[in-house]
Amino acid sequence: CVRLLNATHQIGCQSSLSGDVGVLHLLESEENLDWVLRTGPNPPYMVILESTLFTRPILMKLKNGSSRVAGVLAVQPTSNPPEGFSPHTSCPNENTGVYSETYGPSYAHCNVTMWNPLGTGISYEEFDFPIFSVKDDNDTEVIRRCYMEHNRAVNGSTPQYPLCAMQLMSHMAAVTDTATCMRRNAPTFSLAPDGVCDPLGDANIWASTKPLNSSTKGHKDGVSVVIAATKLDSRSFFFDVAPGADSAATGLVALLAAASALHNATAELNRTILYTFFNGETFDYIGSSRMVYDMAKNDFTVDLDNIHSILEVGQVALGPDSRLWLHSDPVSKRNSSVNVETLVSNLQAAAAGLNLSLGEPNVTQPLPPSSFQRFLLERPIPGVVIENHQTSFTNKYYQSMFDNAEYLKLNYPPNLTPEEQLELVTDSAKVAPPWIGFFLNKMLYTFLVRVNNSWFDQLVKSDWTGVLSELMLYEINTSERKVKTTEPALMVQCILANLTGSIANITEGNCQDKKMDKDENMNKDIYSYLWVQGPVRPNSTERDSFCVRSLVRQSKALSPAFELSEYTSKNYSTWAESRWSAIKGRIFLVASHDLEMLTLGVGVGVLLMSLLLTYIVSSKADILFSSGREPTNATY
């Protein structure tokens, strides 16, 4: 749990500069809180929370009694809680969407539909003590055993020293809000050369089905664009634990599959499809608001006038009924120029031949949280958001560590090797038509189970393999980290280029120089070039590398608030992340306070005696260390 800041306040957790130390206490039930908050004789306590007790009521009680709480250690369960768990708010991004007092006021603040009813909001609370998450493994068992042997009260007795204690260190450099931390980042103010916080920022990934010259910005005459969008990011309560299976992965896998299916039919399309993967949407629509901002300023390849319609893919993990819902904006539909009905009927006709049902919500309700809302803030545009829920989210683990492969039932027999798992078509992939189910399975396995596999390895640059971790995490980056683009964005860029591009028969040097031959200079403004590892040769460890030429591009996913230096903006995301020096913990045995005072007293006494003895010896040195002098007339 780390500290984040926005225009008005700070959220998250932190420790003191040297770390917080407390006596370990395993919370066995909510009734046992009284020991921590009132009656326990050895505060402050480092509280071990099993997953069933990691709830908002308990965390808020610990927060309110924080003078006796040094920190919290949350144990991750080995399986998802059946009742569901979402630390996000019940109304995601409610202050930065399209609905407000001036646009559909009756729909603002989730007045009609509470999208995330299981949301507890603890991800947006501030805790002045550290909260760490640990897996339920051997290390956790060592912590439990240390508690049981030294700290557990038996038959109401008081535990005797030495006691098992823990130190958690996660000091955050930034405080108060984004405006404060950005001011302290200024070289004339900051005492820390590296600053105290960084804006949340990353890269959007996009690709067009027809060539568009990226060197000329703004309106393109005769170009009509359909934006097919999804989001790249997710989050959870804990830093770097964001599997994002349904909230992010299902949408981007579905859009990648669509891009692959339409690749050979692009010549027959009378409009240009712009496949767009927005980054930072969890934090007040960072990626989509930046693209809209750039389009409005004629600083993007196309502008808002070029947009015909928008089709967004949200959470699309299918349930037993194989049903998806088409959500549209009830306010813009009142405008006669916004023809959503044709878009809906075309989608339903396309799904008619598939084992899939597309319906419209039977109640008048607003759009769910979606990137499409940021485009509607600029102008009315026809658009549809595809989701797997009619009203509230069906995802019981929205923006939590449990929104994972297990939730999507990506189950594999235990005796299979990783390569056999990659080739196995799971139940989640079987819902798709057979011609694409095998392909879907490879992407789901790559995005949710194991990044480093034989299928994905042949699609990436050789120097990217060391950057990617074993399990994908769908968290947005900060704009100043060494790896400027997050793993999901890198992966989508590689996969999308391979699915929609073509092999260019050129050398590695020309590929890296972004040109078909040494005399060509124009294609780099239209095409992107990627030298990929390629497949492994039979009976060899060497690969057949090649160059992929595609229409895949990156664009900034940094909030316009930081471009404009408007750190208190109400129109754009202002989220920033605090910097820290170290996040670590350790356990040890601690002596009683009386023994510590006795040890200190003995140490001070020895010091004083040493000083006194040194003074006496120094003052009598001429006597203690004198020797008989020889006569001055002594001769030899």
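Two strands count as paired if DSSP finds at least two bridges between them, and the legends below apply this to a predicted model.

**View 1. Pairing of β17 with β19 in an open sheet of three strands.**
Strand β17 and strand β19, the latter spanning residues 546-550, are paired in the antiparallel sense over three bridges. Within this pairing, Ile503 has Val548 of β19 as its bridge partner. The sheet to which these strands belong is open, has the order β17-β19-β18, and is antiparallel in its pairing. Its edge strands, β17 (502-504) and β18 (528-532), each pair on one side only. When direction is ignored, neighbouring strands of this sheet are turned against each other by 40° on average. Helix α13 lies across β18 and β19, and runs at about 85° to β19.

**View 2. Packing of helix α5 against helix α13.**
Helix α5, residues 245-262, packs with helix α13, residues 487-500, at an angle of about 20°, and the two axes are 9 Å apart. Because angles under 35 degrees count as roughly parallel, α5 is described as roughly parallel to α13. The crossing in which α5 passes α13 is right-handed. On the α5 side the contact is made by Leu252, Leu256, Ala259 and Ser260, which meet Val492, Ile495, Leu496, Leu499 and Thr500 in α13. By residue class, this contact of α5 with α13 consists of seven nonpolar and two polar residues, with no charged residue.

**View 3. An open sheet of five strands, with helix α4 packed on it.**
The strands of this open sheet follow the order β6-β2-β1-β21-β9, and their pairing is mixed. The edge positions are held by β6 (126-127) and β9 (197-199), each of which pairs on one side only. Edge strand β9 pairs with strand β21, residues 576-578, in the antiparallel sense over three bridges, and the bridge partner of Pro199 in β21 is Ala576. Helix α4, residues 178-185, packs on the sheet and touches β1 (4-5), β9 and β21, with a direction that makes about 110° with that of β9.

**View 4. The contact between domain 1 and domain 2.**
Domain 1 is assembled from residues 3-85, 120-172 and 583-594, whereas domain 2 takes in residues 203-501 and 551-558. The C-alpha centres of domain 1 and domain 2 are separated by 38 Å, and the contact takes 21 residues from domain 1 and 15 residues from domain 2.

**View 5. Two cis peptide bonds and a positive phi value in loops.**
Pro43 and Pro44 are joined by a cis peptide bond whose omega is about -5°, and Pro44 is placed in the loop between α1 (33-39) and β4 (45-49). A cis peptide bond also leads from Tyr161 to Pro162, here with omega near 5°, and Pro162 belongs to the loop between α3 (138-150) and β8 (163-169). The backbone of Asn93 has a phi near 50°, which is a positive value in a residue other than glycine; Asn93 is located in the loop between β5 (69-76) and β6.

Methods. Residues numbered from 1 in each chain as written. Predicted model: local features only at pLDDT ≥ 70, side-chain atom pairs only at ≥ 80, totals over all residues. Heavy atoms only, no water. Axes fitted to C-alpha atoms, helices over the stretch in contact; angles between N-to-C directions. Helix = DSSP H or I, 4+ residues; strand = E, 2+ residues; numbered from the N terminus. Parallel < 35°, antiparallel > 145°, perpendicular 65-115°, else oblique. Left-handed = near helix turned anticlockwise from the far one by under 90°. Contact = heavy atoms within 4.5 Å. Nonpolar A, V, L, I, M, F, W, Y, C, P; charged D, E, K, R; others polar. Domains from an automatic or database assignment.
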